[in-house]
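Work through the exercises below with the sequence and the model open side by side. Each task is followed by its solution in steps.

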Amino acid sequence: MALSHLAASASRSSSLLKPLSSALSLRRSISGDNSPLTVETSVPFTSHQCEAPSRSVETNPKELLTFFRDMALMRRMEIAADSLYKAKLIRGFCHLYDGQEAVAVGMEAAITKKDCIITAYRDHCTFVSRGGTLLEVFAELMGRQAGCSKGKGGSMHFYKKDSNFYGGHGIVGAQVPLGCGLAFAQKNSKDETVTFALYGDGAANQGQLFEALNISALWDLPAILVCENNHYGMGTAEWRAAKSPAYYKRGDYVPGLKVDGMDALAVKQACKFAKEHALKNGPIILEMDTYRYHGHSMSDPGSTYRTRDEISGVRQERDPIERIRKLILSHDLATEKELKDVEKEVRKEVDDAIAQAKESPMPEPSELFTNVYAKGLGVESFGADRKEVRATLP
Amino acid sequence: MLAIARQRMLGQSFKKILPAVSVLRSYSSAAKQITVREALNSALDEEMSADPKVFLMGEEVGEYQGAYKITKGLLEKYGPERVLDTPITEAGFTGIGVGAAYYGLKPVVEFMTFNFSMQAIDHIINSAAKSNYMSAGQISVPIVFRGPNGAAAGVGAQHSQCYAAWYASCPGLKVLSPYNSEDARGLLKAAIRDPDPVVFLENELLYGESFPVSDEVLDSSFCLPIGKAKIEREGKDVTITAFSKMVGYALKAAEMLEKDGIYAEVINLRSIRPLDRSTINTSVRKTNRLITVEEGFPQHGVGAEICASVVEESFSYLDAPVERIAGADVPMPYAANLERMAVPQVEDIVRAAKRACYRSVPLAATA
């Protein structure tokens, strides 16, 4: 499936990079400006039970440069996490997002921090796009106090409530009903916000997803279900898991849109469209056609069920960062060197954050017993040897 | 006859527990009686009135007025945005309830019986109970899961299980189980006000039973503390712990034991998690003997935890091994005689108490 896609998008992208709008100023400033720019998405949107949005996406140099920087940062962060894991500084589970960055940055560009995002365990980059810092990421991965969950959550449990990022969930599919619940609360608060509940092609077959979708459609909830289809549920290819891998159609009576998830601008356009739709008409499904370079997690090489050719093929033809780089260069928004400098900068940021995270201490032993409850009522809790270790819950 | 006995016991226990409630002892008018159903309904009504964030969801809670009529009248009063009829999809609607709680609303999710909560148990445990801990306090979950628990009458194996032990083993949850109308009101109000996920285990057979309640209990600000057991009847010879319907059985057993000169102290646990180990141990240190009573399966049950707690904290005070009375270690049968054997009866509690007192033959009452 992915392979046939590759050829198609490759030939199209080269012709699309010629600027369609000539409202360009030859700024050399790397931060860019807001002068409008229109770019066509790599492929048109495919829709189900709705009218697809236009392929022409409004953007500007500043946004494109921000996309580049943010995605480069995320890429570097995930690769660094790989090294830390192999150095045994990160333990347990570590699910990396490199390859899928465009979904996180494109979505963020279309919404506000009052809209909610909830996802599963491949959450490091989503956390960052919601405003989380690199220090919080690396410290949490290494189980340190400076982590976003104070070291008590780990890779799969990042949260940032003040920017409406609700995690970070380890049970496949559970985040979808939770996301619909967030949408319910948003509708109740009448503040014209929406929830994006992300899930993978593996989770797309979960019963609870359809239960939540049914209720969302019945109650007109502003819920946007986003299937990040990277074509593999752990080691199982989509065609082996789903009788119908047209995930954007699986909502039946719920409209859907299929989106090139490697094209940040297409993602942005789709999310903008989805938000408007959800506020007026209730739930909608977005299927992001994307790809992960790493295996399912750090304990999966990712090459026993995929060929190395496939992986490198996607990297060459559809990489989201390269797409934006080509766009920036072809529109003369920055030079190659300037972009390389950005990459060097983010690399340094990542290295600095890791160094800082390594300095952060592990949690105090007393933290074993904190946050069990929001209101502990002064009850007792126990360690492994309850005659040795007891605590009163605050 | 029962009402008089209850009044006497209430008088005794109120004397010790709540000085303010001695209003009951100086009554000029008879104490009001309300059913557990009315108690729960009024608690929901008052909490919904006091806090617009509280809302109800579950199967048949709205237009049907509640499968057991617990939510009667609430749809009419609060409207369809606060009383929501759900499809028969526990995993989906429980997840939605938990998500709404993440955002800051206060859902009260009804399971038609807790047997159906097993379809949603991942959300109760992994999405609700553990979130505050995993997020180091960022995501608290002010949700209540309520509904009938344990055996009803003749409903068979799939509809009769008691879930107290399962839920109470999980850190991050609070688990409450009321017995009478005062418990029902006070504990449900406490559960709704509590910022943590609370599993509220009711009993279908108690819904229609009436109990006297004082004016204080009927006041809309009434609330019982979570984590505190109640001594329903004081005694000196043997401690009997129970919760929900079994409290009534334990009280009947205590009456029968009194005729044989055995004065049992009956503890109504009210809170399964946190368990009031302090009250239980203080009582056992006084009586030196313990019977635990529960409806649920015996292995890894509530009684097992209470026994362990007492052995750990008060071993040298025990004059006899701890006795456990629990449901039979079999799936619930349908035939009436077998069902009767599968659930504790008053005689079982009496027999166990006598064993603990090393008296299997009734003796004349001693001073």
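**Exercise 1. Identify the residues that ring pairs link into a cluster.**

Solution. Step 1: the cluster consists of F93(B), F111(B), F114(B), F145(B), Y163(B), W166(B) and Y167(B). The model is predicted, so local features are reported only at pLDDT of at least 70 and side-chain atom pairs only at pLDDT 80 or more, while totals for chains, interfaces and linings use all residues; side-chain values use heavy atoms, without hydrogens and water. Residues are numbered from 1 along each chain as its sequence is written, and chains are lettered from A and ligands numbered from 1 in the order in which they are written.

Step 2: rings of Phe, Tyr and Trp (its six-membered ring) pair if their centres lie within 6.5 Å; planes under 30 degrees apart are stacked, over 60 edge-to-face, and the rest tilted. Over all chains, 16 aromatic pairs are found. One of them joins Y163(B) to Y167(B), with 6.4 Å from centre to centre and 45° between the planes, a tilted pair.

Step 3: check the accessibility of both partners, where buried means under 20% relative accessible area, exposed over 50%, and partly exposed in between (1.4 Å probe, protein chains only). Y163(B) is buried at 0%, and Y167(B) is buried at 1%.

**Exercise 2. Find the parts of chain B that the salt bridge of R233(B) and E258(B) ties together.**

Solution. Step 1: a salt bridge needs a side-chain nitrogen of Lys or Arg within 4 Å of a carboxyl oxygen of Asp or Glu. The closest N and O atoms of R233(B) and E258(B) are 3.4 Å apart. R233(B) belongs to strand 9 (residues 230-233) and E258(B) to helix 10 (residues 245-259), so the bridge ties together parts of chain B that are 25 residues apart in sequence. Helices (H or I, at least four residues) and strands (E, at least two) are DSSP runs, numbered from the N terminus.

Step 2: R233(B) is buried at 9% relative accessibility, whereas E258(B) is partly exposed at 31%.

Step 3: E305(B) and R277(B) also form a salt bridge, 2.7 Å from N to O. Helix 12 (residues 302-314) of chain B holds E305(B) and helix 11 (residues 277-287) of chain B holds R277(B), so this pair connects parts 28 residues apart in sequence.

Step 4: for R355(B) and E323(B), the closest N and O atoms are 2.8 Å apart. R355(B) lies in helix 14 (residues 346-356) of chain B and E323(B) in strand 14 (residues 323-325) of chain B, so the tie spans 32 residues in sequence. R355(B) is partly exposed at 39%, and E323(B) is buried at 15%.

Step 5: salt bridges also link E46(B), E47(B), R185(B), K189(B) and R193(B) in a network. The count over all chains is 46 salt bridges.

**Exercise 3. Decide whether helix 3 of chain A is enclosed or open.**

Solution. Step 1: list the buried residues of helix 3 of chain A, among them E101(A), V103(A), M107(A) and A110(A).

Step 2: nine of the 10 residues of this helix (residues 101-110) are buried, so the rest of the structure largely encloses helix 3 of chain A.
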